[in-house]
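Colleague: I have a new model open on my screen and would like to learn how to read it. Could you take me through it step by step?

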Amino acid sequence: MALLPILQHPDPRLRQKALPVTVFDASLQQLIEDMFETMYDAPGVGLAATQVGVMLRLAVMDCAPKDAPPERQVLINPEILESSERIDMEEGCLSVPDTNEKVPRFNRLRMRALDRNGTPYEIEAEGLLAQAIQHEIDHLDGKLYIDYLSSVKRERINKKLRKQRQVA
Ligand code: NI
């Protein structure tokens, strides 16, 4: 297993649209394991392949509460079938460090995806899980949650990140 470097905004690779996964081989399984390790280490509740520079429609998630047993979830070629209850939810991203903002999300949705062996499954999600699914699918389309903010707010965040990189 290996920790993978997480790309940071404004890396242009975070803006690329990922391609569907078609091959379910050992190297895909290795990538999934490495992504889980990287996500837990960060720590975060979700990580998209695009965030580690792999342009495949793949994300890993674990939205279990802190003291509960892990709920490892693999999303491959995910699709939202239905969504409802638009609300504002506080959000952050491992590629946009030290920033949290409220963005509009659907509180409920139904998603279809493939598991790590290529078998289709469907889930109904609400709350944090629904939010994380939308966030990760956005990553696979080259979108970041800060895209939902006003340009003034986004520029403030960009400025802060530029400053942080200068002192680092
Ligand atoms: Ni993210």
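Modeller: Happy to; we will go from the metal site to a helix, then to a pocket and a loop residue. Keep in mind that this is a predicted model.

Colleague: Which residues coordinate the nickel ion, and through which atoms?

Modeller: For a metal, start with the donor atoms and their distances. Here the nickel ion is held by SG of Cys93 together with NE2 of His135 and NE2 of His139, at 2.1 to 2.3 Å. Next, look at the spacing in sequence: the donor residues follow the pattern C-x41-H-x3-H. Cys93 sits in strand 3 and His135 in helix 2, 42 residues apart, so this pair links distant parts of the chain.

Colleague: Are Cys93 and His135 buried or exposed?

Modeller: Both Cys93 and His135 are buried.

Colleague: How do I check the geometry of helix 2?

Modeller: Compare the expected span with the one in the model. At 1.5 Å a residue, the 13 residues of helix 2 should cover 18 Å, and the C-alpha atoms at its ends are 18 Å apart, which agrees. Just after helix 2, Gly142 has a positive phi of about 75°.

Colleague: How many residues of helix 2 are buried?

Modeller: The cut-off to remember is that buried means under 20% relative accessible area. In helix 2, 12 of the 13 residues are buried, so the rest of the structure largely encloses this helix. Among them are two of the nickel donors, His135 and His139. The cover over the buried residues of helix 2 includes strand 1, strand 2, strand 3, strand 4 and strand 5.

Colleague: And the largest pocket: what is its volume, and which residues lie nearest its centre?

Modeller: For a pocket, read volume, then lining, then chemistry. The largest pocket has a volume of about 530 Å³. Its lining has 23 residues, with Pro43, Gly44, Val45, Gly46 and Leu128 nearest the centre. Helix 1, strand 3 and helix 2 each give two or more residues to this lining, and helix 2 gives the most, with 6. By type, the lining residues are 11 nonpolar, 7 polar and 5 charged.

Colleague: Where is Val54 found, and what is it in contact with?

Modeller: For a loop residue, combine location, accessibility and contacts. Val54 lies in the loop between strand 1 and strand 2. Its relative accessibility is 24%, so Val54 counts as partly exposed. Neighbours within four places in sequence aside, Val54 is in contact with Leu31 and Ala49. The C-alpha atoms of Val54 and Ile6 are separated by 11 Å, with their positions 48 residues apart along the chain.

Note on methods:
Residues numbered from 1 in each chain as written. Predicted model: local features only at pLDDT ≥ 70, side-chain atom pairs only at ≥ 80, totals over all residues. Heavy atoms only, no water. 1 Å grid on protein atoms, 1.4 Å probe; cavity = no way out; pocket = protein on both sides within 12 Å on 5 of 7 lines; lining within 4 Å. Points joined across faces, edges and corners; volume = space filled by probe spheres on them. Helix = DSSP H or I, 4+ residues; strand = E, 2+ residues; numbered from the N terminus. Nonpolar A, V, L, I, M, F, W, Y, C, P; charged D, E, K, R; others polar. Donors = N, O, S within 2.8 Å, 3.2 Å for Na, K, Ca; no water. Buried < 20%, exposed > 50% of the residue type's maximum accessible area, 1.4 Å probe, protein only. Expected span 1.5 Å × (residues − 1). Contact = heavy atoms within 4.5 Å.
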